[in-house]
Amino acid sequence: MRTEGVILLTMLLGMIKWAASGLDKVGGKYGWTQNVNYTDWAVHRHFYVGDWLYYVFDKHLYSVLEVNQTNYEQCIDRDFITNITRGGRDVYQLTQARPYYFISSGGYCFHGMKLAINVEQQPLPTSPAPSSFSSAKINASPPQIGKHFITAAVVFVVTLVCSC
């Protein structure tokens, strides 16, 4: 029973870490293909360390390469940093706060298949300023059900593990 609790706790902690990270489908409903303005798509998002990029594309036509800034600007697909292409439904975790550059090889970069993003550290949560009862009632935000669920699940699993 104790081993099962430890396994459950490990799985739960992994799920919590995954839930805290974002998963962004590159290009939104269009995915990774030609004639999509990835600059416009990216400007409306914030990317943080730990987030994941989800590339959906035809692996027989396109690829996803992480490149440096010069290769991004000139659409050079040689000497890439990482080839993300696996099966056309590929994910890539953003592990550092820095600029990232991605292109498709085979000349498709020249048709707009390129993405530049800036990844930031996750901002620290801020405490709300104290307020009077009436303004707190008006400005109250909706309850954070997900956080309460995660807290309850952690308490449950820890209790399960410790009661063995």
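## A serine pair to start with

Start with a small detail: the side chains of serine 105 and serine 63 make a polar contact at 2.7 Å. This is a predicted model, so take that distance as a computed one. Serine 105 sits in the loop between β7 and β8, and with a relative accessible area of 22% it counts as partly exposed. The cut-off for buried is under 20%, so serine 105, at 22%, ends up in the partly exposed class.

What else does serine 105 touch, once residues up to four places away in sequence are set aside? Besides Ser63, there are Leu65 and Asp77. Isoleucine 76 is 29 residues away from serine 105 along the chain, yet the two C-alpha atoms are 7.9 Å apart.

## Threonine 85, another loop residue

Serine 63 turns up again in the surroundings of threonine 85, which touches Phe57, Tyr62, Ser63, Val64 and Asp90 when residues up to four places away are left out. Threonine 85 belongs to the loop between β5 and β6 (89-93). Is this residue buried or exposed? Buried, as its relative accessible area is 17%. A polar atom of the threonine 85 side chain also lies 2.8 Å from the backbone nitrogen of valine 64.

## The chain as a whole

Stepping back, there are five helices and eight strands. Going along the sequence, they come in the pattern α-β-α-β-β-β-α-β-β-β-β-α-α. The chain has 164 residues, and 31% of them are buried. Its accessible surface is about 11,000 Å², with carbon and sulfur atoms accounting for 60% of that.

Plenty of the contacts span a long stretch of sequence. Taking contacts with a separation of 6 or more, 69% are between residues 24 or more positions apart.

## The five-stranded sheet

Now the sheet. It is open, built from five strands in the order β2-β8-β7-β4-β5, with mixed pairing. The edges are β2 (47-48) and β5, each of which pairs on one side only.

Follow the order inward from the β5 edge. Two bridges link β5 to β4 in the antiparallel sense, and in that pairing glutamate 66 has threonine 82 of β5 as its bridge partner. Strand β4, residues 65-67, is also antiparallel to β7, this time over three bridges. Here valine 67 stands opposite tyrosine 101 of β7. β7 and β8 run antiparallel too, joined by five bridges, and tyrosine 100 faces isoleucine 117 of β8 across that pairing. β7 itself is mostly covered, with four of its five residues buried.

## Two nonpolar cores

In general, nonpolar side chains tend to be buried together in soluble globular proteins. In this model, the largest nonpolar core has 22 residues, and those with the most contacts inside it are Trp32, Leu53, Tyr55, Phe102, Leu115 and Ile117. Elements that each supply at least two residues to this core are α2 (38-43), β3 (52-56), β7 (99-103) and β8 (114-120). A second, separate core has seven residues, including Leu65, Tyr72, Ile103 and Cys109.

Leucine 53 is worth a closer look. Which residues does leucine 53 contact, leaving aside neighbours within four places in sequence? They are Asp24, Val26, Phe47, Asp90, Val91, Tyr92, Leu94, Phe102, Leu115 and Ile117. Three of these names, Phe102, Leu115 and Ile117, also appear in the list of residues with the most contacts inside the largest core.

## One disulfide

How many disulfides does a search of the whole structure find? Just one. It joins cysteine 75 and cysteine 109, whose sulfur atoms are 2.1 Å apart. The link is left-handed, with -65° about the S-S bond.

Cysteine 75 lies in the loop between α3 (69-74) and β5 (82-83), while cysteine 109 lies in the loop between β7 and β8, so the pair ties together parts that are 34 residues apart in sequence. Both cysteines are buried. Cysteine 109 has also come up already as a member of the second core, and the loop between β7 and β8 is where serine 105 sits as well.

Key: Residues are numbered from 1 along each chain as its sequence is written. This is a predicted model: local features need pLDDT of at least 70, side-chain atom pairs count only at pLDDT 80 or more; totals for chains, interfaces and linings use all residues. Side-chain values use heavy atoms; hydrogens and water are left out. A nonpolar core is a set of buried Ala, Val, Leu, Ile, Met, Phe, Trp, Tyr and Cys residues joined through side-chain atoms within 4.5 Å. Buried means under 20% relative accessible area, exposed over 50%, partly exposed in between (1.4 Å probe, protein chains only). Contact means heavy atoms within 4.5 Å. Accessible areas come from the Shrake-Rupley method with a 1.4 Å probe; for residues, only the protein chains shown count as cover. Two strands pair if DSSP finds at least two bridges between them. A disulfide is a pair of cysteine sulfur atoms within 2.5 Å. A polar contact is a pair of N or O atoms within 3.5 Å; within protein, one must be able to donate a hydrogen and the other to accept it, and residues adjacent in sequence count only if both atoms are side-chain atoms.
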